[in-house]
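Student: I should like a close look at a single part of this model. Please treat its packing in one connected account.

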Amino acid sequence: MGKPTKVTNDIRRLRFANAEMTQAELADRIGVTRQTVIAIEQGRYSPSLEMAFQIAHAFRVPLSEVFQYPDNGPDDAGDTP
């Protein structure tokens, strides 16, 4: 299996904030298997951009509220001259 992704997510928190949505319910809403949702939620798999937007849409929140990418300083942000 590949190395874990640096992308983090708040899927578990969002599921519980949305009437305790199950992993299976989220999977049905976005058209994937429960195992895929588990892997994304645990950070073992990064979804495609389209799937990431589908997940955000399922929770009715912006993409940035679901997924985060760590900011390691100004070099990563492209702020250096």
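Tutor: The account below concerns helix 4, its partner helix 2, and one residue of helix 1. This is a predicted model, in which local features need pLDDT of at least 70 and side-chain atom pairs count only at pLDDT 80 or more, while totals for chains, interfaces and linings use all residues. Residues are numbered from 1 along each chain as its sequence is written, and side-chain values use heavy atoms, with hydrogens and water left out.

Helices (H or I, at least four residues) and strands (E, at least two) are DSSP runs, numbered from the N terminus. Buried denotes under 20% relative accessible area, exposed over 50%, and partly exposed what lies in between, with a 1.4 Å probe and protein chains only. Helix 4 spans residues 49–59, and its buried residues are Met51, Ala52, Ile55, Ala56, Ala58 and Phe59. They lie on the same side of helix 4 because they cover an arc of only 160° around the axis, the arc being that of the directions from the helix axis to the C-beta atoms. On the face turned away from this buried side are the exposed residues Leu49, Glu50 and His57. The cover over the buried residues of helix 4 includes helix 1 (11–17), helix 2 (23–30), helix 3 (34–41), helix 5 (63–66) and strand 2 (67–68), where contact means heavy atoms within 4.5 Å. Just after helix 4, Arg60 adopts a positive phi of about 60°.

Helix 2 buries Gln23, Leu26, Ala27 and Ile30. These residues fall within an arc of 100° when seen down the axis, so they line one face of helix 2. Asp28 and Arg29 are exposed on the face turned away from the buried side of helix 2. Just after helix 2, Gly31 has a positive phi of about 80°.

The axes of helix 2 and helix 4 come within 9 Å and cross at roughly 115°; axes are lines fitted to C-alpha atoms, for helices over the stretch in contact, and angles run from 0 to 180 degrees between N-to-C directions. In this contact, Leu26, Arg29 and Ile30 of helix 2 meet Met51, Gln54, Ile55, Ala58 and Phe59 of helix 4.

Arg15 belongs to helix 1 and is buried, with a relative accessible area of 5%. Not counting residues up to four places away in sequence, Arg15 touches Glu20, Met21, Thr22, Gln23, Leu26, Glu41 and Phe59.
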